[in-house]
Amino acid sequence: KGGVGKTTCAVSIALQLARAQQDKQFTILSVDPAHTLPRVFENEKPPANLHVEAIDTTSQWRALRDRVQDQLRSAIDALTPGGLTVSYDKEAIEKLIEIAPPGADEIFAVMRLAELIDDPKQHGIIVDTAPTGHFLRLLDLPKTAGDWVHEFMRLLLRYREIMPPGTLGEELVAASRALRTVDDALRSKDCAAIVVMRPERVVVAETTRLIDELSRRGIAIGAIIANYITPNTDDSCDQSMRHYELESLAALGQTVQIERRPAPVTALDDLARLVPVAHSTRG
């Protein structure tokens with residue numbers, strides 16, 4: 001869910017990996033519409049071998065819509081007035097944009113992720129995702145958007161001789177390839193999802209459903225991080241709450257547990273010590 005500490009944990013893991021292997025290149029990529037990742041590094045720069053990137057998929061989606069309109073207009077202008085098929089296909093393509101599958105704007109995140117996966121200089125990629133629903137939608141995008149992209153390409157290919165070279169057509173081809181690349185990578189031994197949650201009984205139930213959904217999609221679980229656990233103090237209320245939280249977490253099996261702190265962790269050195277990487281990643 002939003003606010004459970006996904007970005008904080010992602011940054012902690014990325015910092016530790018980059019600092020431990022300074023001769024290797026890492027990227028932390030945010031596809032969360034909240035865009036909290038860049039703010040983490042506003043006052044301190046990341047290590048030189050850690051690239052920080054956030055993708056504004058919404059604005060890129062708007063730009064795609066504009067390019068579609070411009071290229072269709074050019075195609076119609078290039079044909080004789082008798083080109084009635086173009087008018088029909090123009091409506092069809094515009095309709096395709098309108099009925100794009102949920103999360104279609106995240107194709108741009110998939111395309112960037114595919115570029116990083118194919119980059120031999122990248123040793124590791126840490127993806128800071130959106131909350132559960134958006135995350136699962138992103139995982140399903142290769143399937144839900146694949147047919148949509150192919151239909152888009154089929155219509156555009158009719159006018160490949162009059163459409164401007166490159167641009168939209170090549171972008172759609174790249175999107176189709178990227179969807180396959182990311183889909184294969186997600187289900188490979190080189191990928192794992194790290195689940196971040198709060199230690200509450202209702203959240204444990206939601207987390208169990210998320211883990212089941214990931215398993216159904218063939219995606220491995222690297223770790224479950226239980227964030228914001230009540231500290232072990234002499235206060236009876238804290239002790240009672242902590243016992244309740246740990247009892248709830250027992251249903252999930254082994255978890256990486258992070259205790260609540262009096263103030264948010266913001267300094268990079270402190271962030272790098274927050275999540276024990278050895279227990280939270282698969283190598």
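Buried here means under 20% relative accessible area, exposed means over 50%, and partly exposed covers what falls in between. With that cut-off, Arg112 comes out as partly exposed, because its relative accessibility is 22%. The model is a predicted one, and what follows starts with its open sheet, moves on to the helices packed there, and ends with charged side chains.

The sheet is open and has three strands, in the order 2-1-3, with parallel pairing. Strand 2 (50–54) and strand 3 (122–128) take the edges; each has a single partner strand, so one side of each is left without a neighbour in the sheet. From one strand to the next, the twist averages 20°. Strands of a sheet pair through backbone hydrogen bonds, either parallel or antiparallel.

Strand 1 (residues 25–30) is joined to strand 2 by five bridges, and the two run parallel. On the other pairing, six bridges join strand 1 to strand 3, again in parallel. A few individual positions help to pin down the register. Thr27 has His51 as its bridge partner in strand 2. Ser30 stands opposite Ala54 in strand 2, and Ser30 also stands opposite Asp128 in strand 3. As for burial, five of the six residues of strand 1 are buried, so strand 1 is largely enclosed by the rest of the structure.

Two helices can be placed against these strands. Helix 1 (residues 6–20) packs on the sheet and touches strand 1, strand 2 and strand 3, with its direction making about 170° with that of strand 3. Helix 5 (residues 107–118) lies across strand 1, strand 2 and strand 3 as well, and runs at about 155° to strand 3. Helix 5 has twelve residues, and from its first C-alpha to its last it reaches 16 Å, close to the 16 Å expected at 1.5 Å a residue. Quite a list of side chains in helix 5 is buried, namely Ile107, Phe108, Ala109, Val110, Met111, Leu113, Ala114 and Leu116.

Helix 5 also carries a charged pair. Glu115 forms a salt bridge with Arg112, and their closest N and O atoms are 2.9 Å apart. The two residues are three apart in helix 5, so about one helical turn separates them. An α-helix has 3.6 residues a turn, so residues three or four places apart point the same way. Glu115, at 47% relative accessibility, counts as partly exposed, and Arg112, at 22%, also falls in the partly exposed class.

Asp32 is a bit of an oddity. It sits in the loop between strand 1 and helix 2 (37–40). Asp32 is buried yet has no salt bridge, and the nearest side chain of opposite charge, Lys6, is 4.7 Å away. That distance does not qualify, because a salt bridge needs a side-chain nitrogen of Lys or Arg within 4 Å of a carboxyl oxygen of Asp or Glu. Leaving aside neighbours within four places in sequence, Asp32 is in contact with Asp128, Thr129, Ala130 and Pro131. Asp128 is the residue in strand 3 that Ser30 stands opposite.

Elsewhere there is plenty of charge pairing to look at. Side chains of opposite charge can pair when their charged atoms come close. The count comes to eleven salt bridges. One of them links distant parts of the chain, with Arg201 in helix 9 (residues 201–216) and Glu247 in helix 10 (residues 236–249), 46 residues apart. The closest N and O atoms of Arg201 and Glu247 are 3.7 Å apart. Arg201 is partly exposed at 42% relative accessibility, and Glu247 is partly exposed too, with a relative accessible area of 46%.

Glu213 and Arg217 make another salt bridge, with the closest N and O atoms 2.5 Å apart. Glu213 is partly exposed, with a relative accessible area of 27%, whereas Arg217, at 11% relative accessibility, counts as buried. Salt bridges that share partners join Asp140, Glu213, Arg216 and Arg217 into one network.

One backbone detail is left. Tyr228 is found in strand 5 (residues 221–229). Phi of Tyr228 is near 70°, a positive value in a residue other than glycine. Its side of the accessibility scale is the middle one: at 38% relative accessibility, Tyr228 counts as partly exposed.

Note on methods: Residues numbered from 1 in each chain as written. Predicted model: local features only at pLDDT ≥ 70, side-chain atom pairs only at ≥ 80, totals over all residues. Heavy atoms only, no water. Pairing = 2+ DSSP bridges. Helix = DSSP H or I, 4+ residues; strand = E, 2+ residues; numbered from the N terminus. Axes fitted to C-alpha atoms, helices over the stretch in contact; angles between N-to-C directions. Contact = heavy atoms within 4.5 Å. Buried < 20%, exposed > 50% of the residue type's maximum accessible area, 1.4 Å probe, protein only. Lys, Arg positive; Asp, Glu negative; His and termini not counted. Expected span 1.5 Å × (residues − 1).
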